[in-house]
Amino acid sequence: MTSQGKSVWLASVCLAVGAWVCLSGPSAGAGEVLLPLSADMTPTGSLKALPAESAARSTRAQQRAEQAGFQIQPELPPDAAPEPPLFLVPPAHVSPPGSPSRDKPSGAPRPVAKLNDAPSAPVGAETAAPQLAIALPGALLSADPAAADIEAAVEAMVNETAATKPIGMRDWRLARIQIGVFYLERGFAPLWTDENGFTRSGRAAVARIARAGEDGLDLSAFAVSAIPGKGRTAAQRAQADVLLSAAIVAYAVQASGGRIEPSSISPEITAKPDVADPLKALALVAAAADPDAALEDFNPSQKAYRDLRDKLAELRALRAPAAARIPPGPMLKIGMTDPRVPLIRARFGLDELAEGETSSALVYDAQVAAVVANFQRANGLPASGLLTVNTVRALSQDGNSSQEAAILANMEMWRWEPRDMGEERVEVNVPDFTLKVIKGDEIVHQARVIVGKPTTQTAIFSNQIKYLLLNPAWNVPLSIIKKEMLPKLVKDPDYLTRAGFEVIHKGDTIYVRQPPGERNALGHILFMFPNEHSIYLHDTPSRGLFASEQRAFSHGCVRVDDPMRLGELVMGGADKGWTQTRLRALVGNTERTIFLPRPLAIHIEYFTAFVDDSGALQMREDIYGHTGRVEAALGLAGRG
C-alpha cells in the first residue's frame, strides 16, 4: 500500500468512529503507548460515581494499571480544564516536560479525547464501511519494525466480512474499528507478541480465551490457541496479535452481557447489563499485570453465578456414557420389577447387584424411588418417585442436555444483573416464588411470594425501595376495571359498592378506589420503589394462596408473606426503632408514608436454575418462557 493509500485507510478508520481519537486526542509518538482508560472505570468500561468516603481508594483497573508500571493522571471535572486528561503512559515513554506536540505549536492547548464521546450504534445494527477520507497530520507509524505487519493485519481484520456474530446483537464491525483505533493510537506496535511468539501477557490472555467455555462463552470464532513462535513469519505473528485482541474484545462483551439484548427476550425485562466498551476493555486488559484475571473479571462476581458455573463443570464431568443411559420402557412404581433398575441404581451410586443375585434384586423399591424423587425435585419434575418417560429422558441426558442448556441460559441472565447489587438488598426470584433479604452473601430473611400470571407477568428489573405506605388505598388500574370489573357490573350493578369500592364517574370513564381496610387488595403495607412498570411489593388479604406450590396469581405486583417482618428489616430493625409491633400499631384507616433510613436495593429476578444452601442444583418451571427464549438466542434450543 502506498503512503497516500495508507493515510486514506487510517483516516477512514478514524472517521468511522467520529475522528474523536485521531483528531482530538494526543497522537502516539514512535514506540509510545497511549491507553485511554479512566481511573474510575469499571471492568465493563462504564464510569463509576464513587461515594465520597471511597473517593481516595484506587479502583481495580487503576491498581492493575499501576502494577503494570503505568503512571496515572486522574481525569478532572470540566472546571479544571487546564489540567491534562487521563491517559495511561508507560514511564519510559512519558514525554519530557515542555516538549512540543507534533501536531500543534508549542504552548497550544491540546484537546481532550474522551472515550465516552464515541458514537453509539443501535443494538443489532452493523456499522457501514466509511466512505469519506481525510488527510492525517504527520506520520503515525511506530518505530517498531513489526508495525507494517500489524497495520496490514488490522486493516484485514477491520475489512473482513464476518461469518459469525461473536458479540451477538452488538455491532461487531464497530468493535473491530475500535480495535483498529487502539492499534493506531499505539503506532501499530504489537500488543501480545514479539519475535519469539506470544509474550507472557499474550499467553495469559490465550489461556483465559481457551477456558471461555467454563463460563458458557463461545469464542470458537477465534483460533488463538496455537502460539506463533520463531518458525512463524512476522506477518503470521501480527495476524495472531490482532486476532487475540479481537478475541479479548469478544470475551469482554460476551462476559458482560452483550450477546443478548434483554428486552428482545421480553419487553417485561428491562434489566440493563453494563456491557463492556470494546476500546476500554482492550485498554484495561492490555494494562493489566494479569490479563487472565482481568478477562475473568468481566464475568459476574456474584456467588450465585459462581455456584452455577461450578455445577456446569460438575455436570460436564459426570456426563453419563452411552452404555449407562436408561432405555425407554413402561412407567415404574414401587414393587415393580424391571431390567432397567440396576442402571438406575448405578446412576445414583446405590449398591450394585452382587454376582449371582436373583431377579428379585431388580425390584423398583422404596430406596430407588426416593432418590428418583429427589432427582425429579431438583430438575423441575413432579417429585412422585415414579419412573416416568420425562424422568427417563432427564436421567439419560448427555452433553447436549436440557439441564446444561438451562444452566447456561441462567448464567447468561446473571450477566444482566448489576455488578454491584448492594451489600444489603432484597431479591425476588419469580420462578421460585421466593423473596430473600440478603446481607453480603448471608440470607437473613426468606418469604414466600405470589407473582404475576403468565398473562400479566411480573417485570424483571432492579430498583431501590424508598418508602413504605401503611394502610394504602388501591386505585384500581383501568386495565383491571375494563377486563375484570365491568363484566361483573353488567351482571350486578351493585357489585363494586357491596365489595367496598368507591366509584367515580368522569364522562364515559369510571375510576375505582378501594379505601384502606381489611379487605383492601394491597393489605396493610406497600413497599414502594417507583418504576415504569408500576410493580411493587405488598401485603394481601388472600393469605390462603401462599399454601400453593405454584404461586403465579397476581396482576404483576408481588404479594409478600409475613410483610411486617420484611417492613421491620427494611426500616433497619430494632436498632433504628422499628419493630413489627410498632408497624402493626400503625395499622388503621389512615394512609401513612414512612421513608426508609436509606434506599434499599431490590432486584426482581428470573432464575429457573440455581444452587441452594445445601449445594444442590435446583430447577424451576419456566413459567414465562424467558429461559427457553434465552436458550434459543444462545443456540441451545432443542437440547435434550
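**Exercise 1. Into which classes do the residues of the lining of the second largest cavity divide, and how many fall in each?**

Solution. In this predicted model, local features need pLDDT of at least 70 and side-chain atom pairs count only at pLDDT 80 or more, while totals for chains, interfaces and linings use all residues. Residues are numbered from 1 along each chain as its sequence is written, and side-chain values use heavy atoms, with hydrogens and water left out.

Step 1: list the lining, which consists of I269, A271, M413, W416, E417, I460, E605, Y606 and F607. A cavity here is a set of points, on a 1 Å grid over the protein atoms alone, where a 1.4 Å probe fits but cannot get out, and lining residues have an atom within 4 Å of a point.

Step 2: sort the list, counting Ala, Val, Leu, Ile, Met, Phe, Trp, Tyr, Cys and Pro as nonpolar, Asp, Glu, Lys and Arg as charged, and the others, Gly among them, as polar. The result is seven nonpolar residues, two charged ones and no polar ones.

Step 3: add the volume, meaning the space filled by probe spheres set on the points, which are joined across faces, edges and corners. This cavity holds about 60 Å³, and the count of cavities of 30 Å³ or more comes to five.

**Exercise 2. Which strands does strand 6 join, and which residues stand opposite each other?**

Solution. Strands are DSSP runs (E, at least two residues), numbered from the N terminus, and two of them pair if DSSP finds at least two bridges between them.

Step 1: take strand 5 (residues 424-429), which runs antiparallel to strand 6 (residues 434-439) and is joined to it by six bridges. Here R425 stands opposite I438, and in the hairpin, with four residues between the strands, F433 takes a positive phi near 55°.

Step 2: turn to strand 7 (residues 442-452), which is also antiparallel to strand 6 and joined to it by six bridges. V437 has H445 as its bridge partner, and in this hairpin, with two residues between the strands, G440 takes a positive phi near 65°.

**Exercise 3. Is R513 buried or exposed, or does R513 lie in between?**

Solution. Step 1: locate R513 in strand 11 (residues 509-514).

Step 2: apply the limits, where buried means under 20% relative accessible area, exposed over 50%, and partly exposed in between (1.4 Å probe, protein chains only). Because its relative accessibility is 28%, R513 counts as partly exposed.

Step 3: list its contacts (heavy atoms within 4.5 Å), which, not counting residues up to four places away in sequence, are A473, W474, N475, F501 and E502.

Definitions and conventions. 1 Å grid on protein atoms, 1.4 Å probe; cavity = no way out; pocket = protein on both sides within 12 Å on 5 of 7 lines; lining within 4 Å.
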